Amino acid sequence: MEKSPQQKSAFRSFAESYGPGLIVAATVFGAGSIIVATRAATTAGYSFLWAIFLAACFMVLFTRMAAKIGCVSTKSMLDQIAALYGRPLSILFGVACFATCSGFQAGNNINTGLALNVLFPFLGVNSWILLSFVGILFLYWSSNDFYQILEKVMMVLVLIMLLCFFGNVFFFLPQIRGAELLRAVLPSRVADWQLVVSLSATTFSIVGAASQSYFVQSKGWKTDYLAKANRDATVGIAILTGITCIILITAASVLPLGSKITNVPSIAALLKPLLGNFAHTLFILGFFAAAFSSALANAVIGATFLADAMRLGKTIDDFWVKFFASVITAFGMGVGLIFGSNPIQLTIMAQGSTVVGAPLVAAVTLLLSNHPKVVGTKKNGGVVNVIASLAVLWLLFLSVNQILLWFGVRL
């Protein structure tokens, strides 16, 4: 039976309301989120939940600020930076975003291949990495309205993740240690800052947040859509953060501390005897959806910033945006093929490295969201600015800490 106009309108309303935010959230929540959350759980139980909550709050705040910049301004974010602070800063901003997305992509491609190989073990991991690379390029170049394709694909993949990871709740619910879980909401002594850096980077992706300004402009949203854009950002990030927490809680509840995790199949293998065959399949299917969605959109985000900084294009249908997205994807594939023997450690290090340029991106986004030439009278309130300033300082601390970790110095 054909749907009534009212039903069609309701569906379209949902799609229009939860497009850009779900894209950003699904980009941020990738294979790295699952791997880092699982490693954190097997290292310190529930103890790192506070880091996820803190990062999620900052992520919502900056995504809403970027949405405001996109809805209120008639220029792109990097055009505004160039006009107000000079083209060199705009280029530096774009390069930092491109480098950050390249760091994320290294883990996305190999983990897409690993998940497909577990589901369909007849080609080998490298073959699946190559095939997923070809599939992503096909999606990039086969359409003149890629945003519409991206939005639909992301909605399907997010739905798969919701069904898979929330479905696992029923298998481990009796094993949750309630008192210990509640204590983990508050910060405690940190024994492994690399994991805190990686958890924060994979949840609070400032480049992903900033990209919201481009996605709302791709939708054609103006000032009268600002409330919808804010709701969109909050709901999308809340959903994906909830999944990250579920993964950490699952692993902390059913896996012994110190469990050896060497690759994605090893995570699934540890869960299989504890949660059963069905839960094992759900986990792998959800893992694939997370890895592929992040691989697909992450490269587009980095490419958009770089192309706009170089004045070569600013929409995801421009030639140079697709070209740079293909370059990032090829880089991720190459790293996966060459260094994929230890994808867990590779992913954790890659996730951590993405915070190095994050303070610059966050600080400039905060400046733009308060500049009258960008947002007019819709500047941030005092409380928002205080919290956002704390977020910038937090990213600066994580960035410095990550650099020190590379030199073997632990705070």
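These questions and answers cover the cores, one helix and a surface patch of a predicted model. Local features need pLDDT of at least 70 and side-chain atom pairs pLDDT 80 or more, while totals for chains, interfaces and linings use all residues. Residues are numbered from 1 along each chain as its sequence is written, and side-chain values use heavy atoms, without hydrogens and water.

Me: Which helix gives the most to the largest nonpolar core?
Reply: A nonpolar core is a set of buried Ala, Val, Leu, Ile, Met, Phe, Trp, Tyr and Cys residues joined through side-chain atoms within 4.5 Å; buried means under 20% relative accessible area, exposed over 50%, partly exposed in between (1.4 Å probe, protein chains only). The largest core has 118 residues, of which F62, M77, I206 and F305 touch the most other members. Helices are DSSP runs (H or I, at least four residues), numbered from the N terminus. With 19 residues, the top contributor is helix α15 (residues 277-309).

Me: Which residues of helix α5 are buried?
Reply: Helix α5 spans residues 77-85, and G86, with a positive phi near 105°, follows α5. The buried residues in α5 are M77, L78, D79, Q80, I81 and A82.

Me: Is F319 buried or partly exposed?
Reply: F319 lies in helix α16. F319 belongs to a nonpolar surface patch with W141, M310, L312, W320, F323 and V327. Because its relative accessible area is 47%, F319 is partly exposed.

Note on methods:
Patch = residues over 30% accessible without salt bridge, like charges linked within 9 Å, V, L, I, M, F, W, Y side chains within 5 Å. Areas by Shrake-Rupley, 256 points an atom, 1.4 Å probe, with all protein chains shown as cover. Salt bridge = Lys/Arg side-chain N within 4 Å of Asp/Glu carboxyl O. Helix = DSSP H or I, 4+ residues; strand = E, 2+ residues; numbered from the N terminus.
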